[in-house]
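This report introduces a protein chain to a reader who has not met it before. Please keep the sequence and the structure in view while reading.

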Amino acid sequence: MTDLADARLLEAMRSPLVVEPAASHTCTGGAHSRLADGRIVCWSPPAHEGQTRAVDAEIAAQPVPTHLRRRWRGLWDAHDSFWSAWCATEICAKLGEVPIIVLAARGPVGASPVTIDGREVTYAVRQEGDLVVAYGVSTTTS
Ligand SMILES: [Zn+2]
């Protein structure tokens, strides 16, 4: 685990999330995640050279789709909940530039940091109101 990546993720997580109806959200600079109920989550911490950020959120109380529950049965024990495991995996898909359908087929990602196709992703998941939110940073080394 790289201490610098952890420190930068924790610093970035101090930037507040904006959660509002997607229809009225007009910014283009933040990292975004759309929710099933029409809201959007926007996270725009200060930028660091060579670092990419992503956010993913789900409504904590929404039901887990049956096919996903079946496919990942017993595989997300290392995470707080199914949605925590899902959001962490979405972050790694976004920052690893791998389609979520490909990454999800391998099961939930392991503990942070995760290396996806040679790219290290540092992530953290926490509850924000009614949402499960995963925050992630990836640093390019080349
Ligand atoms: Zn935004």
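Across which strands does helix 3 lie? The sections below take up this question within a description of the chain, which is a predicted model.

## Overall composition

The protein chain contains four helices and seven strands. Followed along the sequence, these elements give the pattern α-β-β-β-β-α-α-α-β-β-β.

The C-alpha atoms occupy a box of roughly 40 × 35 × 25 Å along the principal axes. For 142 residues, a compact globule would be expected to have a radius of gyration near 14 Å, and the 15 Å of the protein chain agrees with this. Of the 142 residues, 33% are buried. When contacts between residues at least 6 apart in sequence are considered, 55% of them join residues at least 24 apart.

## The four-stranded sheet

An open sheet is built from four strands in the order 4-7-6-5, with antiparallel pairing. Strand 4 (51-59) and strand 5 (114-116) each have a single partner strand and stand at the edges, so one side of each has no neighbour in the sheet. On average, neighbouring strands of this sheet are turned by 30° against each other, direction ignored.

The pairing of strand 4 with strand 7 (residues 131-139) is antiparallel and comprises nine bridges. Within this pairing, Val55 is placed opposite Tyr135 of strand 7.

## Helices lying across the strands

Helix 3, formed by residues 82-96, lies across strand 4, strand 5, strand 6 and strand 7. Its direction is at about 150° to strand 4. This answers the opening question: the strands concerned are 4, 5, 6 and 7.

Helix 1 (residues 3-12) also lies across strands, namely strand 4, strand 6 (119-128) and strand 7. The angle between helix 1 and strand 7 is about 135°.

## A loop residue: Asp77

Is Asp77 buried or exposed? Asp77 is found in the loop between helix 2 (66-71) and helix 3. A residue counts as exposed if 12 or fewer other C-beta atoms lie within 10 Å of its own. Asp77 has 7 C-beta neighbours inside 10 Å and is therefore exposed.

How far apart are Asp77 and His48 in space? Their C-alpha atoms are separated by 33 Å, while in sequence the two residues are 29 residues apart.

Key. Residues numbered from 1 in each chain as written. Predicted model: local features only at pLDDT ≥ 70, side-chain atom pairs only at ≥ 80, totals over all residues. Pairing = 2+ DSSP bridges. Helix = DSSP H or I, 4+ residues; strand = E, 2+ residues; numbered from the N terminus. Axes fitted to C-alpha atoms, helices over the stretch in contact; angles between N-to-C directions. Contact = placed C-beta atoms within 7 Å. Buried ≥ 20, exposed ≤ 12 C-beta atoms within 10 Å, placed from the backbone. Rg over C-alpha atoms; globule rule 2.2 N^0.38 Å.
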